[in-house]
Number of protein chains: 2
Amino acid sequence: MNEHLTGQSIDGGEAEQHLVVFTPSGRRDYFPTEVSALQAARKLGVDLDSVCGGRGICGRCQVVIAEGQSDDRVSPWNAVEQRYVDKRGALGEGRRLGCQAKICGDIVIDVPADSQVHRQVVRKRAETHPIVIDPVVRLYYVEVREPDMHDPSSDLRRLQMALAEQWGVSETHADLAVLRDLQKTLRAGEWKVTVALRKGRDIVALYPGFRDRGFGVAFDIGSTTIAAHLCDLASGEVLASAGLMNPQIRFGEDLMSRVSYVMMNPGGDGELTRTVREAVDQLIGEAAHEAGVERADILEATIVGNPIMHHLFLGLDPTELGGAPFALTLDGAFETPARQLGLNVAPGAFVYCLPCIAGHVGADTAGVVLAEAPYLSDELTLVVDVGTNAELVFGNKERLIACSSPTGPAFEGAQISCGQRAAPGAIERVRIDRVTLEPKFKVIGSDLWSDEPAFDEATRQTGVTGVCGSGIIEVIAEMFLAGVISRDGVIDGALAATFPRVEAVGRTFAYVVREGEPRLVIYQTDVRAIQLAKAALYAGAKLLIERAGGAAPQRVTLAGAFGSHIDVTYAMALGLIPDCDLAHVAAAGNAAGTGARIALLNLAARAEIEDVVRRVEKIETAIEPRFQEHFVAAMALPNKVDAFPNLAKVLTLPAAKAGDDDSGRRRRRR
Amino acid sequence: MNEHLTGQSIDGGEAEQHLVVFTPSGRRDYFPTEVSALQAARKLGVDLDSVCGGRGICGRCQVVIAEGQSDDRVSPWNAVEQRYVDKRGALGEGRRLGCQAKICGDIVIDVPADSQVHRQVVRKRAETHPIVIDPVVRLYYVEVREPDMHDPSSDLRRLQMALAEQWGVSETHADLAVLRDLQKTLRAGEWKVTVALRKGRDIVALYPGFRDRGFGVAFDIGSTTIAAHLCDLASGEVLASAGLMNPQIRFGEDLMSRVSYVMMNPGGDGELTRTVREAVDQLIGEAAHEAGVERADILEATIVGNPIMHHLFLGLDPTELGGAPFALTLDGAFETPARQLGLNVAPGAFVYCLPCIAGHVGADTAGVVLAEAPYLSDELTLVVDVGTNAELVFGNKERLIACSSPTGPAFEGAQISCGQRAAPGAIERVRIDRVTLEPKFKVIGSDLWSDEPAFDEATRQTGVTGVCGSGIIEVIAEMFLAGVISRDGVIDGALAATFPRVEAVGRTFAYVVREGEPRLVIYQTDVRAIQLAKAALYAGAKLLIERAGGAAPQRVTLAGAFGSHIDVTYAMALGLIPDCDLAHVAAAGNAAGTGARIALLNLAARAEIEDVVRRVEKIETAIEPRFQEHFVAAMALPNKVDAFPNLAKVLTLPAAKAGDDDSGRRRRRR
């Protein structure tokens, strides 16, 4: 016998052996006649999907016989494949069902991307890595032996044996919530059922007959809003997104007032927990409805949130998070049955919560880190997530450092006299004429500037109601660039005599952004509030950079809603973030939610973020003397022109001559 | 250096080394000066208890310095020991706290039985093996590092670190129900807490400060009654027992009528589940109250019950158990959080259910097998558990075979015209005068025979209300022995002319056990009912014996309430059980409950019974043709005199001449 005939055989027998090569994996071996492509793939560990286990039902194991299709080296198209096509529609060009195409000679078998379990989902932003599917819950179609009087084994045991024999999955376990309907489901499916199996161990759900789609939901539980993304667990596709205001707002607008509510009201934590869980469950209903799936088909959920939301959702009293030393009850990743959290999904579904990093740096930041993956990058990256406080992570694959900066809620429009949340009617863009000091602005909901003729008509519905976070950044940056405020944040009272937009208010001065109803004015106190907030944010970044050795960030990523709305140029002009090539400064959108989605779709990503969070260095800004120094130094606008070489390329910054802050603008006025 | 000084050291250093020998284990090694007896024991894996981890608080590590106490080879009595004694009372003669007594020279250290974790609990019956304590849940006292701003680790993580550092226990896990009070408990205990840890992994409960007792409850959930035993998990002592009628009785007296209720009433299984869980929870309350312990100190529970009760308690629909092929949902051992079953105990406590053997042979039988342990014996043992049906297990350490025999409820007094449940006032013993055929009897609640003068006075309270199961066995056996009924069970009508106790009832005859109110009569149909029941039981035993090769049992154990009440001689006389040396026939009491108690106290016993149940051969009598043959053959009373050589030694059996069944009695009468 030649080597061809004596190669390693799937059955070790003496039958004729054929060389089978899989692409793109390159795995290869000899197999005897009549072995199916799916069997060969399994034997070699080639990533080829299957839900029905080779019965020609699911169509997940489609392959292309890249070489050998035309001659007799593969079995001909058969009745099972024809039945599949008749029922489910044609396969792609040159495709066969891997479970039906049998090897009759040397062949090359290509596994298309959509037939792989570990397929990739490309994300919108070019700089982000694709999400790889690594299913936490998989579906297994099995045929279970019927009970008979000769064999007293239970229905569960026979189901477990079917999983072991037909899929090689042993040591499976089912909770009572799943067992409750086991007998009815087996009989309804006439002993053919689809098992949703979590991590190859826990039976999450059981369906009569064949089923090939399972779903999951990723949640971002914010203090203000809760967002949900319902995904197909096999394709990674987002089928529906839903969001709502966090109903806990009635217990306190910001987190600390909710913690106070808990402290003042015995049992208040239970009330807050119930409220947020109901909201999450409601979102599940909405997303399921939108996607046209049943709640019982939702097999897994993931959660990110700041430490207080994380604790309240899990039913843990957040009181300790209300004061130093801010001790978390729990920081590691945590998973628990969904029904224990009051969520109505598949009976055995679990909820996975990403780990918290520290008392102020929560699972939301872990989500951001997972989504942006600075730990995989060579580039020194600064990730900034601005909410009521700002969480910062800095570093690269060598080292990551994290902290929370006490910015307060000024960036969200709170504590600003004309501030408001980002909503239609809120001013989000502002420009101030360098000569006349007259402003123009845009509001959310319209693309027109306020000096364009159609503006009033276009904003009749919404009106102009206030200034949102990004608008405040721009108006104060523009006031600085136009010379209305000095580097140390003082509104120049001398301008009031000449320019109607600058007016005296007691012993200080103010800038009128808009006359009319409501009249929108930036007071000296507003400038101070933003200075404090931006100084805190900048000091946090500075502290991290310094701790990492001093090298400037090569990339700055702004996560969260605030980051999506602001113009990064203005953020840098105001000194919120350190200098960086503006081409490498970008908003990441809801990166925390993306992190939750990655954790939903990829089991390995969970281990990855858990490991990263364990290794990340945590800095508590409150006890770092250098933080105070940086904070004080960062009060000026912008800290130093020469610290912002990249910014200087795109904006004309006021000259940084001390004691002569407004000379530039007076020069232009003359 | 001599060998003495160079022996293996606990720290590998060059310090002076002393030979330490532990008794009774015989383990020995060299240790340097100042190592405590407890440390040395741990190093050598000597079974020496400790809850406080060597802080001189718990007193569990008491040892006797058997050699070396009097000279300077052990450190002197110290302040910690004195404090313990002042607070908790004197130690036994010659005892030291193992954590305080330090090695200063060559010594022999004896570990008394009560200082061992794996101590033995001797049982009442001489033939049973003692229960070895192998704790499922253990208590660990730890001192937890306080949180501070420099270290953002959570309270749980610091607790876990304390367990790892102070006890070498890593990878611990806590459910949300436990985590809920974690922060409050740590602070209430000023960072000193006692952790109840299950299987070295799950945190079941957490107590502020030091705590050295934990409890568990073993349940036997019967169709008629539910019994609970509350035990100290460390000593094995039963601190309280409680029982109540199964409140499901209102849905049906026997199991099948409860299954029918479920079939007829949608949601009826939920109702039955709620009812039994409430009863079990109520029993927990009663037992805890009696023992003076808190519900929150109950750390584990175990359950035995027949398949239908097992399923209903777990919330599994028993419908399939109502008809062939009697498929269980679940047969293996199962554990689940207690709160999932509605039990109010320690927040993280688990309930362990023993495995079911087959659709008719439940976790109660598994409990009996564990308690009687025929699988450890050389003797061929027949274990019989009679309830509504009878479960039989036969074999020895080579092989075990089990079946269920459809005896029906006749042995429980049901379907017998004068029958009643075993309760005060029920006739339990009967003798019939061989010459006059006059009966005498005893009732439950009195030790007097009915022909004794004080009988009426003694039974004034209870009256004489009926005949219980054991009374029915005796009266029918006595009727047979007195010649009132023939070997084939016919009441001899010819006697009616001579003996007032025998009377005609239509075309058959009856025997009057008692005149008066109520008048208690054994009708021909009653004899038939008992014949059917005993034939079923005997046929089951015969089938098992035959399957095992035919050797007669060397020991017969009767489990359950019925077995405790009947006189085994009469049981054998009537042919309920096969012949066996009567010295080796005994009642085991509530062996199922004992099995639950063993599983509660001994973790290894769980693995043991799970393994035994997996290996036990199951026979379904309904499909065994031989069962029908044995059944028919066993209708006669007793089957064959020559099949009962042991019985013949103690009772005069009627001559077994066919067609001449009553010749003996007539002979005596003449």
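Before looking anything up, I noted that a residue is called buried under 20% relative accessible area, exposed over 50%, and partly exposed in between. I also kept in mind that this is a predicted model.

**Entry: aromatic pairs.** I searched the whole structure and found 12 aromatic pairs over all chains. I looked at A:Tyr141 and A:Phe210, whose ring centres lie 5.7 Å apart with the planes at 75 degrees, so I wrote the pair down as edge-to-face. I then checked where the two residues sit, and found A:Tyr141 in strand β8 and A:Phe210 in the loop between β11 and β12, which are distant parts of chain A, 69 residues apart.

**Entry: buried or exposed.** I looked up A:Tyr141, which has 5% relative accessibility and therefore counts as buried. For A:Phe210 the value is 25% relative accessibility, so I entered this residue as partly exposed.

**Entry: another pair in chain A.** I went on to A:Phe441 and A:Phe455, an edge-to-face pair with 5.8 Å from centre to centre and 85 degrees between the planes. This pair, too, links distant parts of the chain, since A:Phe441 belongs to strand β22 and A:Phe455 to helix α11, 14 residues apart. I noted both A:Phe441 and A:Phe455 as buried.

**Entry: charges over rings.** In chain B, I found the charged end of B:Arg211 over the ring of B:Tyr207, at 3.9 Å from the ring centre. I also recorded B:Arg606, whose charged end sits over the ring of B:Tyr352, 4.3 Å from its centre.

Key
Residues are numbered from 1 along each chain as its sequence is written. Chains are lettered from A and ligands numbered from 1 in the order in which they are written. This is a predicted model: local features need pLDDT of at least 70, side-chain atom pairs count only at pLDDT 80 or more; totals for chains, interfaces and linings use all residues. Side-chain values use heavy atoms; hydrogens and water are left out. Rings of Phe, Tyr and Trp (its six-membered ring) pair if their centres lie within 6.5 Å; planes under 30 degrees apart count as stacked, over 60 as edge-to-face and the rest as tilted. Helices (H or I, at least four residues) and strands (E, at least two) are DSSP runs, numbered from the N terminus. Buried means under 20% relative accessible area, exposed over 50%, partly exposed in between (1.4 Å probe, protein chains only). A charge sits over a ring if NZ of Lys or CZ of Arg is within 6 Å of the ring centre and within 35 degrees of the ring normal.
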